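Dear colleague,

Please find below the structure for your consideration. I should be grateful if you would keep it open while reading the notes that come after it.

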Amino acid sequence: MKIASWNVNSLNVRLPHVQRWCAEAQPDVLALQETKLADEKFPREAFAELGFQCAFAGQKTYNGVAILSREPLREIVTDVAGLEDPARRILAASIGEGERAVRIIDLYVVNGQAVDSDKYAHKLRWLTHVTGFLREQLAQYPRTVVLGDFNIAPEDRDVHDPEAWREQVLCSTPERDALRGILGLGFTDSFRALNAEAGHYSWWDYRQGAFRRNLGLRIDLVLVSAALNAKLKSATIDRIPRTWERPSDHVPVMIEIDGTDQHG
DNA sequence: ATGTCTCAGGGACTGAGA
């Protein structure tokens, strides 16, 4: 079973890219962030043609998350108790039945703008609430994947220029501590479970020719619970869509898990 | 180089957010 995440920076603009990538990469589940679409404008039919069912929590202009799945999505959650956040950033759903069911939790973490800003303080509070939610979800669903745009580069090896980014937003110690708090619940960063190298990024700024120069950060993550980590087969970052015309600034990240196929 | 991209309002360009 292949499970992927992609911040598309407007699904309206990027729908052709998502269609093309799904046809080529053949994910079973794809979590999207920054769809920037009100729910009534979600292109459900376009994905139905590709064999996907959809769950979504959107709004116009900003934010917005969605999950595409070949199997039915159930037990959908879009809000966290105690987190009065009108921004649509969280979407949880279950796929599959019984022993082989998997819980998918799609996150578009608050960006935070700059460490001295109100938005940064909000980011840390938001992460505290979400950590509590993830603790509850993991207790209820041992086979859980938490994936999305975390807007946090976990370690210096996830940053093209660690000294330039030292204690800057996306890399600061409080943000990294918050991420470690999530991992400490019992999740593993799937990419790092299989690849220790520096220089692998999932986002590059549109400015300064950053992609061409590989000036990026790895901020799009797929975290797996212990039960799924035991079955983790691969974890990849697909840079190719960043070379397509009018790309998102993020690229898709994907894992493959053994023993979760209906017919496998 | 405050360097690019997306969206909304309004009907050209500006501001917000990333």
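The notes below go through the strands, the helices, some individual residues and the DNA contacts in turn. Please bear in mind that this is a predicted model.

**Strand S7 and its partners**

Strand S7 covers residues 102-108, and seven of its seven residues are buried, so the strand is largely enclosed by the rest of the structure. In a regular strand, side chains alternate between the two faces of the sheet. Here Val102, Ile104, Asp106 and Tyr108 point one way, whereas Arg103, Ile105 and Leu107 point the other way, and all are buried.

S7 is paired with strand S6 (residues 90-95) in an antiparallel arrangement through six bridges. Within this pairing, serine 94 has arginine 103 of S7 as its bridge partner. The two strands form a hairpin with six residues between them, and glycine 96 in the turn has a positive phi of about 80°.

S7 is also joined to strand S8 (residues 144-149), again by six bridges, but here the strands run parallel. Aspartate 106 has leucine 147 of S8 as its bridge partner. Helix H3 (residues 118-140) belongs with these two strands: S7, H3 and S8 make a right-handed β-α-β unit.

Two residues of these elements deserve a separate note. Isoleucine 90 is found in strand S6, and it counts as buried because it has 24 C-beta neighbours inside 10 Å, where 20 or more are required. Isoleucine 90 is 34 residues from phenylalanine 56 in sequence, and their C-alpha atoms are 9.4 Å apart in space. Glutamate 136 is found in helix H3; it counts as exposed because it has 12 C-beta neighbours inside 10 Å, and the limit for that class is 12 or fewer. The C-alpha atoms of glutamate 136 and leucine 185 are separated by 9.9 Å, with their positions 49 residues apart along the chain.

**Strand S14**

Strand S14 (residues 253-257) is mostly covered, with four of its five residues buried. Strand S1 (residues 2-7) is joined to S14 by four bridges and runs antiparallel to it. Strand S13 (residues 232-237) is likewise antiparallel to S14, with five bridges. What is the bridge partner of isoleucine 3 in S14? It is isoleucine 255, and isoleucine 255 is also the bridge partner of alanine 235.

**Helix H1**

Helix H1 (residues 11-25) spans only 18 Å between its end C-alpha atoms, whereas a straight helix of 15 residues would span 21 Å. The helix has a kink of about 30°, centred on histidine 17. An α-helix has 3.6 residues a turn, so residues three or four places apart point the same way. In H1, the buried residues include Leu11, Arg14, Val18 and Trp21.

**Residues in loops**

Most residues other than glycine have a negative phi. Lysine 36, although not a glycine, has a positive phi of about 55°. It lies in the loop between strand S2 (29-33) and helix H2 (44-48). Lysine 36 is buried, because 21 other C-beta atoms lie within 10 Å and 20 or more suffice.

Leucine 170 is not a glycine either, yet its phi is positive at about 90°. Its place is in the loop between helix H4 (162-165) and helix H5 (173-183). Leucine 170 is buried, with 21 other C-beta atoms within 10 Å.

Phenylalanine 42 is found in the loop between S2 and H2. Is this residue buried or partly exposed? Phenylalanine 42 is partly exposed, because 19 other C-beta atoms lie within 10 Å whereas a buried residue needs 20 or more. The C-alpha atoms of phenylalanine 42 and leucine 124 are separated by 30 Å, and these residues are 82 apart along the chain.

**Surroundings of the DNA**

Finally, the model contains DNA strand B, which is surrounded by 15 residues. The closest of them are Ser10, Lys60, Asn111, Tyr206 and Arg207. By character, the residues of the surface near DNA strand B divide into seven polar, five charged and three nonpolar.

With kind regards

Key
Residues are numbered from 1 along each chain as its sequence is written. Chains are lettered from A and ligands numbered from 1 in the order in which they are written. This is a predicted model: local features need pLDDT of at least 70, side-chain atom pairs count only at pLDDT 80 or more; totals for chains, interfaces and linings use all residues. A residue is near a molecule or strand if its C-beta atom, placed from the backbone, lies within 6 Å of it. Ala, Val, Leu, Ile, Met, Phe, Trp, Tyr, Cys and Pro count as nonpolar, Asp, Glu, Lys and Arg as charged, and the others, Gly among them, as polar. Two strands pair if DSSP finds at least two bridges between them. A crossover is right-handed if, with the strands pointing away from the viewer, the path from the first strand over the helix to the second runs clockwise. The expected span of a helix is 1.5 Å times one less than its number of residues. The bend at a residue is the angle between axes fitted to the seven residues ending there and the seven starting there.
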